[in-house]
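Visitor: I would like a close look at a single part of this protein, please. Could you pick one spot and walk me through it slowly?

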Amino acid sequence: MRFATVAALAFGLAPASGLSVFRDDQGVIQDNLDVPGDSPLKYCEEKRDDDIILIQSVDLTPNPPQAGTELVIEATGTVYETIEEGAYVNLSVKYGLIRLINTKADLCEQIKNVDLECPIEKGVISIVKSVDLPKEIPPGKYTVNADVYTKDDEHITCLTATVVFSRKESLGIFDL
């Protein structure tokens with residue numbers, strides 16, 4: 001998977017005590033780590049009082065993402081402090097148990113993938129981004145973890161997601 005695609009997933013999909021379990025409007029059981037919306041995104045930790053971004057919702061279409069299709073990411077959140085050049089993300093991507101990416105990346109460089117740029121001013125932001133997912137994504141379980149910090153090492157947010165890409169079903173002897 002290209003780094004830009006991973007970054008788009010991680011950042012497009014990016015900005016409490018005890019584990020509470022509740023049902024949403026559709027009766028689905030969720031815990032307080034779920035990011036609101038229709039996506040596989042979860043927060044990394046329960047305590048987020050000091051996070052600089054509050055994510056109101058992230059929706060992926062289709063959910064789950066599918067190789068060889070267009071993925072549309074719609075996200076809304078509130079930024080409580082201006083995020084300036086020098087902000088960074090500790091990004092890891094695993095394929096099953098194999099670590100594909102483990103890097104510290106410049107957040108301001110990566111958010112260009114979702115049509116944002118630094119500084120990100122305080123206030124409500126919304127993102128709508130389409131990403132063409134390559135059809136060559138090997139089937140399997142991918143886990144993305146993005147832990148984001150300001151240039152002064154203040155915690156912005158931490159998100160994780162697990163996506164399983166399946167093998168496409170064969171249409172038979174004459175696949176069209």
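Guide: Happy to. Let's start with a pair of strands: S5, residues 70-79, runs antiparallel to S8, and ten bridges join the two. Within this pairing, Thr76 of the protein stands opposite Ser126 in S8. Strands of a sheet pair through backbone hydrogen bonds, either parallel or antiparallel. S5 and S8 belong to an open sheet of three strands in the order S4-S5-S8, with antiparallel pairing. Its edge strands are S4 (53-61) and S8 (123-132), each of which pairs on one side only. From one strand to the next, the twist averages 15 degrees.

Please keep in mind that this is a predicted model. The protein has two helices and ten strands, and along the sequence they follow the pattern α-β-β-β-β-β-β-β-α-β-β-β.

Now to the other sheet. Five strands make an open, antiparallel sheet in the order S3-S10-S9-S6-S7. Here the edge strands, each pairing on one side only, are S3 (42-43) and S7 (98-106). S3 runs antiparallel to S10 (residues 155-165), and two bridges join them. One residue to find there is Lys42, whose bridge partner in S10 is Thr160.

The aromatic side chains of this sheet deserve a slower look. The protein has three aromatic pairs. In one of them, the rings of Tyr95 and Tyr142 have centres 4.9 Å apart and planes at 50 degrees; an angle between 30 and 60 degrees is called tilted, so this pair is tilted. Tyr95 lies in S6 (residues 88-95) and Tyr142 in S9 (residues 140-149), so the pair ties together parts that are 47 residues apart in sequence. The two tyrosines differ in cover: Tyr95 is partly exposed, at 28% relative accessibility, whereas Tyr142 is buried, at 4%.

Tyr142 also pairs with Phe165, this time edge-to-face, with 5.5 Å from centre to centre and 80 degrees between the planes. That pair links distant parts of the chain, as Tyr142 is in S9 and Phe165 in S10, 23 residues apart. Both Tyr142 and Phe165 are buried. Put together, Tyr95, Tyr142 and Phe165 form one aromatic cluster.

Two further rings have a charged partner. The charged end of Arg48 sits over the ring of Tyr43, 3.9 Å from its centre. Lys104 lies over the face of Tyr88, at 4.2 Å from the ring centre.

To step back to the whole protein, 40% of its 176 residues count as buried. The protein exposes about 10000 Å², and carbon and sulfur atoms supply 50% of that area.

Technical notes:
Residues are numbered from 1 along each chain as its sequence is written. This is a predicted model: local features need pLDDT of at least 70, side-chain atom pairs count only at pLDDT 80 or more; totals for chains, interfaces and linings use all residues. Side-chain values use heavy atoms; hydrogens and water are left out. Two strands pair if DSSP finds at least two bridges between them. Helices (H or I, at least four residues) and strands (E, at least two) are DSSP runs, numbered from the N terminus. Buried means under 20% relative accessible area, exposed over 50%, partly exposed in between (1.4 Å probe, protein chains only). Accessible areas come from the Shrake-Rupley method with a 1.4 Å probe; for residues, only the protein chains shown count as cover. Axes are lines fitted to C-alpha atoms, for helices over the stretch in contact, and angles run from 0 to 180 degrees between N-to-C directions. Rings of Phe, Tyr and Trp (its six-membered ring) pair if their centres lie within 6.5 Å; planes under 30 degrees apart count as stacked, over 60 as edge-to-face and the rest as tilted. A charge sits over a ring if NZ of Lys or CZ of Arg is within 6 Å of the ring centre and within 35 degrees of the ring normal.
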